[in-house]
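Here are my notes for you to read alongside the model. Take them one at a time and find each spot in the viewer as you go.

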Amino acid sequence: MIRQKWNMLMESVSISVSNITGNKMRTFLTTLGIIIGVAAIIALMTVVQGATDTMNAQFDAMGLGTLRVQVNGTALKQGLNDAELQALLGCEHVAGISPSLNMTISAKRGDAWSDAISVNGNGDEYFRHNPDLLKTGRTINVIDVKRQSQVCLIDGGTAETLFFAENPLGKTLYLGGREYTVIGTIDEEEDASLFAQILFGGKTDGTVYVPYTSAMKLMGTSTVSTLEVYVTDPDETDQAIEEMEIVLDGIFNYKDNTYTIINMESMTDAMNLMTSMMMSLLVGIASIALVVGGIGIMNMMLVTVTERTTEIGLRKALGAEPGQIQIQFLIEAIILSLLGGVLGVIVGLTVSFLICINTDITFSLNTFAIGLGVTFSAAVGIIFGWAPARKASNLNPIDALRSM
């Protein structure tokens, strides 16, 4: 009995495949909506996930247990001076601080120049907590910071712009009219300058790292408004924030909105939540194409039932049960949907791969997106194929044979 049912099922599959392959153009046009819908879902989910992974990598580059303090200040006091920075460093759960300044400035070296070089002013603590940042040479040390040394590290973009085909170590360049000596180069894979670009905006020709005290001279300021704070233990981040709030409240006389303390881990969680919401919205919009594709499948199956009225009548006259007729047409609808789903997966992965490699976004196979696309396509086949299959199974054999 089981073998007989299996043979009947295989025969239904064979008939369905034969009907599908016998009308290639109609099959392609019918499955086009499914292909577009599944491709859109996979491409959107893959690209959004890749962008999220890229952003998370930038946040992770700053390390767990790292806080970012942004000082808004008041009308009378705009930033933190050296004494106030030392007060923050004196907090029990603070292991180190690195003031951070960022600006876009003109740079020149011989006949080569650029008016869009990003200058990051950092302290020695920054490089101590980001050891993988250095590629060649040495990093900025505490002596460079204290002496306001005019030394710098450059990334590949700056090297290509100002030192094309040369080893930049030991050579000089001019930043805002001041001479700086290159003491090291940055590993671009570990370069966190992308985060700065996202935070401050703008596209630059490269990034240069200088001591933050030297950057203060370039900017003509005696205070800093942004700093990274490294806590003694990531599990004690909340305690460090409380201690810093006490110090900062005292500095700004307990006025509201004078500073912001950003916990990178909390920011990552918030961004992941926002990304999940956006991804759900995009998938919902892309699913409309699947519904349209399902309507196309239903339309074609209804036409197929009309075209094969005689065949249905003969099969029922020879003893075929309504359930067998219904299963055959339902299988045909599912195969059409799955065919569109598989082609949609291929198209979606191809499109997302091309987008990722052209936008420096991390590409990775999103198995959930693939499974979701294929499942949706199969569900569309079942839902929109049921009505035509039901119509075929309820066809009166006598009425069908009259059309011969």
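1. Start with strand E8 (residues 178-186) and its pairing with strand E5 (residues 134-137): the two are antiparallel and share 3 bridges. To find the spot, look for Thr136, whose bridge partner in E8 is Thr185. Keep in mind that this is a predicted model.

2. E8 also pairs with strand E6 (residues 151-154), and here the strands run parallel, joined by 4 bridges. Cys152 is a handy marker, as it stands opposite Val182 in E8.

3. Then there's strand E7 (residues 172-175), which is antiparallel to E8 and linked to it by 4 bridges. Thr172 has Thr181 of E8 as its bridge partner. E7 and E8 make a hairpin with 2 residues between the strands, and Gly176 has a positive phi there, near 55°.

4. Is helix H8 (residues 212-219) largely enclosed or not enclosed by the rest of the structure? Largely enclosed, because 6 of its 8 residues are buried. Those are Tyr212, Thr213, Ser214, Ala215, Met216 and Leu218. Right after H8 comes Gly220, again with a positive phi, this one near 70°.

5. Now hunt for the second largest pocket, which holds about 420 Å³ of space. Its lining has 24 residues, and Tyr212 is among those nearest the centre, along with Asp82, Gln86, Pro99 and Val145. H8 gives at least two residues to this lining, and so does each of helix H3 (82-89), strand E2 (94-99), helix H4 (124-128) and helix H5 (142-146). By type, the lining splits into 10 nonpolar, 9 polar and 5 charged residues.

6. On to salt bridges: the whole structure has 6. One of them joins Arg68 to Glu228, with the closest N and O atoms 3.2 Å apart. Arg68 sits in strand E1 (residues 66-71) and Glu228 in strand E10 (residues 226-231), so this pair ties together parts 160 residues apart in sequence. Both Arg68 and Glu228 are buried.

7. Glu166 and Arg109 form another salt bridge, with 2.8 Å between the closest N and O atoms. Glu166 is in the loop between helix H6 (156-162) and E7, while Arg109 is in strand E3 (residues 101-109), so the pair links parts 57 residues apart in sequence. Glu166 is partly exposed, at 36% relative accessible area.

8. Finally, compare the two ends of the salt bridge between Arg138 and Asp144 (2.8 Å, N to O). Arg138 is partly exposed at 35%, whereas Asp144, at 5%, counts as buried. Asp124, Glu125 and Arg128 are worth a look too, as salt bridges link them in a network.

Technical notes: Residues are numbered from 1 along each chain as its sequence is written. This is a predicted model: local features need pLDDT of at least 70, side-chain atom pairs count only at pLDDT 80 or more; totals for chains, interfaces and linings use all residues. Side-chain values use heavy atoms; hydrogens and water are left out. Two strands pair if DSSP finds at least two bridges between them. Buried means under 20% relative accessible area, exposed over 50%, partly exposed in between (1.4 Å probe, protein chains only). On a 1 Å grid over the protein atoms alone, a cavity is a set of points where a 1.4 Å probe fits but cannot get out, and a pocket is an open set with protein on both sides within 12 Å along at least five of seven lines; lining residues have an atom within 4 Å of a point. Grid points are joined across faces, edges and corners, and a volume is the space filled by probe spheres set on the points. Ala, Val, Leu, Ile, Met, Phe, Trp, Tyr, Cys and Pro count as nonpolar, Asp, Glu, Lys and Arg as charged, and the others, Gly among them, as polar. A salt bridge is a side-chain nitrogen of Lys or Arg within 4 Å of a carboxyl oxygen of Asp or Glu.
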